[in-house]
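Work through the exercises below with the sequence and the 3D view open. Each task is followed by a stepwise solution.

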Amino acid sequence: MSLSNPELSALVEPRRVHRRVYTDPAVFDLEMERIWGKAWIYVGHESQIPGPGDYITLQIGKIPIVMVRDRSGGVHVLYNRCGHKGAKLVDNSCGNTGGGFVCCYHGWSYKLDGRLVGVPHLKGYENTGFDKNDPQYSMQKLEKHQSYRGFVFASRDRHAPELTTWLGGARTVLDNLCDRSPEGEVEVAGGVIRYDHQCNWKMFNENLNDAMHPMVVHRSVVDAANEYIRTLPEDSPSRAEAEIIPPFGSSYKTFSEVDILAFPYGHHYNRGQNTIHAKYSVDPDYETVMLEAYGPERTREILTFNSHNTLYYPSLTIKSSIQNIRVVRPVAADHCIIETWSFRLKGAPDSLLQRTILYSRLINSSGSMVGPDDLVAYRRMQEGLESNANQWVEMHRDYGRDETVGDHLVNRCTSDLDIRTQYRAWRRYMLGET
Ligand code: FES
Ligand SMILES: [Fe+2]
């Protein structure tokens with residue numbers, strides 16, 4: 001049963017949200033239409049489809065989509081639906097479809113831009129009112145798609161603002177990710193780490209810059225890592241691992257010295273001298289190529305942009321300092337899939353990519369020692385929220401202490417500003433105010 005706007009509005013207050021936003025399938029269905037059907041959703045990176053006919057598939061909300069490259073290098077984002085009786089044109093998560101799409105069912109065929117070109121045994125349609133050239137029988141294009149430095153987003157809302165307007169000030173972090181390449185470009189390296197989360201998609205996003213949990217939920221892995229590190233000789237090749245895990249055990253004080261910056265549309269990122277990546281060593285060869293490309297001042301600016309996590313609400317999270325991204329794909333009220341993609345900084349030494357991949361495995365993969373800690377907490381929240389005994393989830397920390405700076409709000413990373421800003425956007429999308 002659908003919810004009216006007053007009912008939806010009553011679910012989100014400035015300092016608390018109703019448990020139904022995580023558990024109710026009717027809320028989930030509306031989110032898929034009103035948030036995922038309107039916002040700019042991350043589709044993929046252009047480097048995933050380098051040649052003609054290369055494609056990737058995904059779902060935007062519940063809708064199957066395909067992104068494909070044509071013969072002249074153009075990128076198309078199309079509804080993955082046959083114009084005949086609706087079968088998905090491609091079923092794999094990626095591949096090459098040759099010169100066009102051919103439907104598995106009755107063999108209708110399409111160009112790489114989605115235009116219908118072939119209908120078998122066409123004469124049966126003569127004088128029936130069917131016109132093969134009528135665009136309604138082609139694969140339909142998404143209402144909008146735009147690329148920002150190779151990152152392709154699409155929106156099902158033809159009135160969506162320009163992508164750069166929507167990204168707003170949070171665009172800085174995407175720029176920083178790319179600027180860390182001496183060539184100013186990144187590309188996807190290797191495959192995806194994709195795993196099931198038995199929780200509502202918002203729990204993953206709300207955990208992203210929750211600085212009150214690492215020292216609790218990741219305590220055991222940090223202790224174990226520190227014990228292991230003590231056994232390593234100074235010149236051990238495992239020193240890189242040693243740099244990655246311990247910062248997750250940083251103190252409340254350390255995390256509260258990092259800022260959270262919250263932007264319109266629900267985006268946010270954290271920034272400060274004490275982020276989890278702040279003390280990474282710099283490969284001297286990397287420093288050399290960066291200095292050659294950018295000069296000393298700009299190189300320093302790029303490499304000291306310390307940010308841990310950024311959310312482009314609702315679908316894309318990035319770590320510019322380590323060059324990986326995590327992508328949110330909701331499935332049901334209590335189920336989502338999280339993908340981790342690692343990026344190569346074009347023109348940078350291999351050691352940078354090695355560190356990215358090491359981080360993706362050590363922290364984000366299903367076989368890692370850190371991500372699954374969070375996963376257990378999400379599942380336990382999802383199960384706990386089935387209880388009717390208490391209807392609300394609170395988000396009071398540092399409420400009323402946000403500082404306005406230009407287009408964004410700033411508070412401490414240990415505040416709930418990151419969560420409150422997501423619910424401000426949630427309300428606007430769900431009530432049709434954006
Ligand atoms: S459903 Fe695709 S050709 Fe019939
Ligand atoms: Fe965590």
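Buried means under 20% relative accessible area, exposed over 50%, and partly exposed in between (1.4 Å probe, protein chains only). The model is predicted, so local features need pLDDT of at least 70 and side-chain atom pairs count only at pLDDT 80 or more, while totals for chains, interfaces and linings use all residues. Residues are numbered from 1 along each chain as its sequence is written, chains are lettered from A and ligands numbered from 1 in the order written, and side-chain values use heavy atoms, with hydrogens and water left out.

**Exercise 1.** Describe the site of the iron ion (ligand 2).

Step 1. Donors are N, O and S atoms within 2.8 Å of the metal (3.2 Å for Na, K and Ca); water is not among the atoms, so sites may look incomplete.
Step 2. H213 (NE2), H218 (NE2) and two OD entries of D374 coordinate the ion at 2.1 to 2.5 Å.
Step 3. The sequence spacing of these residues is H-x4-H-x155-D.
Step 4. H218 is buried, because its relative accessible area is 1%; H213 is buried at 16%.

**Exercise 2.** Place strand β17 among its partners.

Step 1. Strands (E, at least two residues) are DSSP runs, numbered from the N terminus, and two strands pair if DSSP finds at least two bridges between them.
Step 2. β16 (residues 310–312) runs antiparallel to β17, with three bridges; Y312 is partnered with L316.
Step 3. Four bridges link β17 to the antiparallel β18 (residues 324–332), where N324 partners K319.
Step 4. On β17 (residues 316–319), L316 and I318 on one side and T317 and K319 on the other are all buried.
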